[in-house]
Amino acid sequence: MKPNYCVYILYSLKDKLLYIGYTTNLEKRYDAHSKGYSEATAPRRPLILLFCEYYLSMKDAKRREGYFKTTAGKKALKIMLHDSLIEVSKL
């Protein structure tokens, strides 16, 4: 069985903030964000794909996305992605 659900984290080079989402097609979704087709991220471009996790279950992916959007989840991401966040902040 192939994992179909991806929770992804984008980093905005413009406002230095994270965007959290989930999708069944990461390449297509990232392309849409990059081209400005998403209202939530269009004014925040350019964006870098910083992180993704794949799940077999849509419920698990939505739960993880929801967690990353909480204060505790954002804190966990900053710990998990500490060195990556330093690297992208240099761009």
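These legends go with close-up views of a predicted model.

**View 1. Strand S1, covered on both faces.** Strand S1 runs over residues 5-12, and here's the thing to look for: eight of its eight residues are buried. Tyr5, Val7, Ile9 and Tyr11 sit on one side of S1. Flip to the other side and you find Cys6, Tyr8, Leu10 and Ser12, buried as well.

**View 2. S1 and its neighbour S2.** S1 and S2 run antiparallel, with six bridges joining them. Two pairs are handy for getting your bearings. Val7 has Tyr22 of S2 as its bridge partner, while Tyr8 is matched with Gly21, also in S2.

**View 3. The hairpin of S1 and S2.** Between the two strands of this hairpin lie five residues. Keep an eye on Lys16 here, since the backbone at Lys16 takes a positive phi near 65°. Lys16 also turns up in View 6, as part of the lining of the largest pocket.

**View 4. S1 and its neighbour S3.** Strand S3 covers residues 47-55. Eight bridges tie S3 to S1, and this pair is antiparallel too. To find your way along the pairing, start with Tyr5 of S1, whose bridge partner in S3 is Tyr55.

**View 5. Helix H1, with a buried side and an exposed one.** H1 spans residues 26-34, and Leu26, Ala32 and His33 are its buried residues. They're on the same side of the helix because they cover an arc of only 130° around the axis. What do these buried residues pack against? They pack against S1, S2 and S3. Over on the other side of H1, Glu27 and Lys28 are exposed. Just past the end of the helix comes Gly36, where phi is positive, at about 85°.

**View 6. The largest pocket and its lining.** This pocket has a volume of about 150 Å³. Who lines it? The residues are Tyr11, Lys16, Leu17, Leu18, Ile20, Lys74, Lys78 and Leu85. Strand S2 (18-23) and helix H3 (71-80) each supply at least two of them. By chemical type, the lining splits into five nonpolar residues and three charged ones, with no polar residues. Tyr11 links this view back to View 1, where Tyr11 is one of the buried residues of S1.

Definitions and conventions
Residues numbered from 1 in each chain as written. Predicted model: local features only at pLDDT ≥ 70, side-chain atom pairs only at ≥ 80, totals over all residues. Heavy atoms only, no water. 1 Å grid on protein atoms, 1.4 Å probe; cavity = no way out; pocket = protein on both sides within 12 Å on 5 of 7 lines; lining within 4 Å. Points joined across faces, edges and corners; volume = space filled by probe spheres on them. Helix = DSSP H or I, 4+ residues; strand = E, 2+ residues; numbered from the N terminus. Nonpolar A, V, L, I, M, F, W, Y, C, P; charged D, E, K, R; others polar. Pairing = 2+ DSSP bridges. Buried < 20%, exposed > 50% of the residue type's maximum accessible area, 1.4 Å probe, protein only. Arc of directions from axis to C-beta. Contact = heavy atoms within 4.5 Å.
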